[in-house]
Amino acid sequence: MKHYWWKILAILLLLYGIVAGLLGSVPALPIVHETIRNVYYHVPMWFTMFTLYLISVVYSIKYLSSNNPHHDLIAVESVNVGVIFCAFGLLTGMIWANFTWGAPWPNDPKLNGSAIATLMYLAYLVLRNALEEEQKRAKISAVYNVFAFPIMIVLMYILPKTTDSLHPGAGGNSGFGQFDLDGSMKAVLYPTSVGWILMGIWLMTLRFRIRKFEYKNHIISE
């Protein structure tokens with residue numbers, strides 16, 4: 001049990017977030033109205049993606065200093081799972097934008113920056129598949145990953161704050177957390193975010209175990 005408590009916690013927090021997110025009370029806000037509930041699903045997707053990308057860059061740095069192939073596998077599987085959460089973050093954001101701004105993808109710097117950052121990480125995966133020699137692939141993709149992470153932060157967080165943006169928390173707009181989220185919503189959002197982050201890490205560890213098994217078989221076959 002002591003090895004699985006965090007997985008049980010992830011499931012319980014997600015169940016809590018789904019039920020409370022759909023049935024709990026939310027503040028009456030102009031324009032967004034009941035779509036404010038999407039914050040329980042949209043925001044945790046980005047939190048989880050950022051966490052997984054951070055894990056990835058940490059293990060890319062560890063690989064460059066250790067040449068341990070397991071570090072490289074953790075880095076790439078963190079990106080693989082992170083891209084999935086990125087896709088859900090974009091999808092929930094497009095649904096929300098369609099209701100709030102009248103279009104699923106308005107010309108907004110935060111949305112455009114998110115799209116560029118997504119393509120950047122997809123390019124990381126393409127780069128890995130384009131290189132056949134394992135050690136060369138791992139080193140080049142690790143260096144790419146180290147530079148990709150800060151660029152993603154600039155595209156998705158820093159630049160939108162310096163220009164006009166429709167997105168809350170960017171372009172001089174107040175963030176939901178500053179004015180609109182009451183205590184009851186924060187009591188749902190934060191635990192739900194923790195639940196999704198734990199779920200993302202769980203999925204990454206499952207993929208890592210599969211890749212590690214495949215790697216051992218590959219070494220044996222050689």
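A residue is taken as buried when its relative accessible area is under 20%. By this criterion, helix 5 of the predicted model has as its buried residues Ala138, Ser141, Ala142, Asn145, Ala148, Phe149, Met152, Leu155, Met156 and Pro160. These buried residues pack against three partners, namely helix 2 (39-66), helix 3 and helix 4.

Helix 5 itself covers residues 134-161, a run of 28 residues. From its first C-alpha to its last it reaches 40 Å, close to the 40 Å expected at 1.5 Å a residue. Helix 5 nevertheless bends, by about 40 degrees, at Val154. At the start of helix 5, the backbone nitrogen of Gln135 has a side-chain oxygen of Glu133 within 3.3 Å.

A comparable look at helix 3 is helpful here. Helix 3 takes in residues 69-100, and because each of its 32 residues should contribute 1.5 Å, a span of 46 Å is expected; the end C-alpha atoms are 46 Å apart, in agreement. At the start of helix 3, a side-chain oxygen of Asn68 comes to within 2.9 Å of the backbone nitrogen of His70. Just after the helix, Gly102 adopts a positive phi of about 85 degrees.

Helix 4 (residues 109-130) is made of 22 residues, and its first and last C-alpha atoms are 31 Å apart, close to the 32 Å expected at 1.5 Å a residue. Its buried residues are Lys110, Leu111, Gly113, Ser114, Ala117, Thr118, Met120, Tyr121, Tyr124, Leu125 and Arg128. An α-helix has 3.6 residues a turn, so residues three or four places apart point the same way.

How do helix 3 and helix 4 meet? Their axes come within 11 Å and cross at roughly 145 degrees, and the crossing is left-handed. On the helix 3 side, the contact is made by Asp72, Ala75, Val76, Val79, Asn80, Val83, Cys86 and Leu90. Helix 4 contributes Ser114, Thr118, Tyr121, Leu122, Tyr124, Leu125 and Arg128.

Thr118 offers a handy place to zoom in on this contact. This residue of helix 4 has a relative accessible area of 13% and therefore counts as buried, the cut-off being under 20%. Leaving aside residues up to four places away in sequence, Thr118 touches Cys86 and Leu90, and both of these are listed among the helix 3 residues that make the contact with helix 4.

Notes. Residues numbered from 1 in each chain as written. Predicted model: local features only at pLDDT ≥ 70, side-chain atom pairs only at ≥ 80, totals over all residues. Heavy atoms only, no water. Helix = DSSP H or I, 4+ residues; strand = E, 2+ residues; numbered from the N terminus. Expected span 1.5 Å × (residues − 1). Polar contact = N/O pair within 3.5 Å; in protein donor to acceptor, adjacent residues only side chain to side chain. Buried < 20%, exposed > 50% of the residue type's maximum accessible area, 1.4 Å probe, protein only. Contact = heavy atoms within 4.5 Å. Bend = angle between axes of the 7 residues up to and from the residue. Axes fitted to C-alpha atoms, helices over the stretch in contact; angles between N-to-C directions. Left-handed = near helix turned anticlockwise from the far one by under 90°.
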